Amino acid sequence: MQLDNLPNGAKEQFHKLKLPDSIDGLYEGDRLIMQKFISNSRRTRLEGKLDLYYLPLNSALINHSCGPNVEVSLYLNPLIPNDEFKTEARVIRDIYKGDEITKCYLGFHVILDLGFNRQKRMKKIKETLGFDCKCCICSGKFEAQEDLVKELRDLTKSLDP
């Protein structure tokens with residue numbers, strides 16, 4: 001019902017969303033719609049109480065990379081009562097003309113745990129997201145990336161909670 005209420009452009013974006021290879025073709029009709037939502041949605045916890053699942057259609061179309069150049073996050077302005085949830089993509093490293101805009105589909109904690117180990121990271125992507133990662137990091141084009149993630153992990157561990 002919610003899909004039917006979307007503007008035509010948003011419906012088109014929803015239908016462009018992909019399913020993991022492991023479940024593609026298993027569902028049809030309403031079950032297919034629900035599986036597309038589940039496979040592409042994000043989850044966040046609000047104020048430690050409420051789990052919120054949401055599907056940011058524009059950012060759901062951004063491809064994955066283990067060395068992303070944007071971070072997509074949920075934004076709610078606390079100064080505006082009943083403000084709508086918004087997602088925003090923020091640049092986290094330089095983007096040059098011709099670069100593809102990419103985000104990392106893995107959570108931050110997964111990257112810190114597995115990010116410096118290419119085989120473990122690729123296995124986790126296959127198990128949880130259903131595809132073989134062929135990004136520039138996993139394909140080995142940027143050898144120093146693994147060391148950068150190790151350094152980030154060590155810096156994060158040294159922060160005062």
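This is a short tour of a predicted model, with a selection to make at each stop.

**Whole chain**

Start with the protein chain in cartoon view. The chain has 6 helices and 6 strands, and from one end of the sequence to the other they follow the pattern α-α-β-β-α-β-β-β-β-α-α-α. Now colour by accessibility. Of the 161 residues in the protein chain, 32% are buried. With a surface displayed, the exposed area comes to about 11700 Å², and carbon and sulfur atoms supply 52% of that area. Among contacts with a separation of 6 or more, 49% join residues 24 or more positions apart.

**Helix α2 and Q35**

Next, select residues 29–40, which form helix α2, and pick out Q35 within this helix. Is Q35 buried or exposed? Q35 has a relative accessible area of 16% and is buried, because the cut-off for buried is under 20%. Show the side chains of L19, I23 and Y27 as well: Q35 is in contact with these residues, neighbours within four places in sequence being left aside. For a distance to check in the viewer, take the C-alpha atoms of Q35 and K18. They lie 10.0 Å apart in space, while the two residues are 17 residues apart in sequence.

**The second largest pocket**

Stay with α2 and turn on the pocket display. The second largest pocket holds about 710 Å³ of space. Its lining has 23 residues, and those closest to the pocket centre are Q2, L6, F14, F37 and L55. To see where the walls come from, colour α1 (8–16), α2, β2 (50–54), α3 (57–60) and β5 (86–91); each of these elements gives two or more residues to the lining. Which element supplies the largest share of the lining? That element is α2, with 4 residues.

**The aromatic pair**

Now select Y105 and F131. The structure has 1 aromatic pair by the ring-centre rule applied here. The ring centres of Y105 and F131 are 6.1 Å apart and the planes meet at 85 degrees, so the pair is edge-to-face. Zoom out to see the loops that carry the two rings. Y105 sits in the loop between β6 (102–103) and α4 (108–114), and F131 in the loop between α5 (118–129) and α6 (145–157), so the pair ties together parts that are 26 residues apart in sequence. Both rings belong to partly exposed residues: Y105 has a relative accessibility of 33%, and F131 has a relative accessible area of 22%.

**The cysteines**

For the last stop, select the cysteines and show their sulfur atoms. How many disulfides does the structure hold? The number is 0. Take C66 to see why: the closest cysteine sulfur belongs to C138 and is 3.7 Å from that of C66, too far for a bond. The cut-off for a disulfide is a pair of sulfur atoms within 2.5 Å. C133 is likewise in no disulfide, with the nearest cysteine sulfur, that of C135, 3.5 Å away. C66 is buried, at 7% relative accessible area, and C133 also counts as buried, at 4% relative accessibility.

Note on methods
Residues numbered from 1 in each chain as written. Predicted model: local features only at pLDDT ≥ 70, side-chain atom pairs only at ≥ 80, totals over all residues. Heavy atoms only, no water. Buried < 20%, exposed > 50% of the residue type's maximum accessible area, 1.4 Å probe, protein only. Contact = heavy atoms within 4.5 Å. Phe/Tyr/Trp six-rings, centres within 6.5 Å; stacked < 30°, edge-to-face > 60°. Areas by Shrake-Rupley, 256 points an atom, 1.4 Å probe, with all protein chains shown as cover. 1 Å grid on protein atoms, 1.4 Å probe; cavity = no way out; pocket = protein on both sides within 12 Å on 5 of 7 lines; lining within 4 Å. Points joined across faces, edges and corners; volume = space filled by probe spheres on them.
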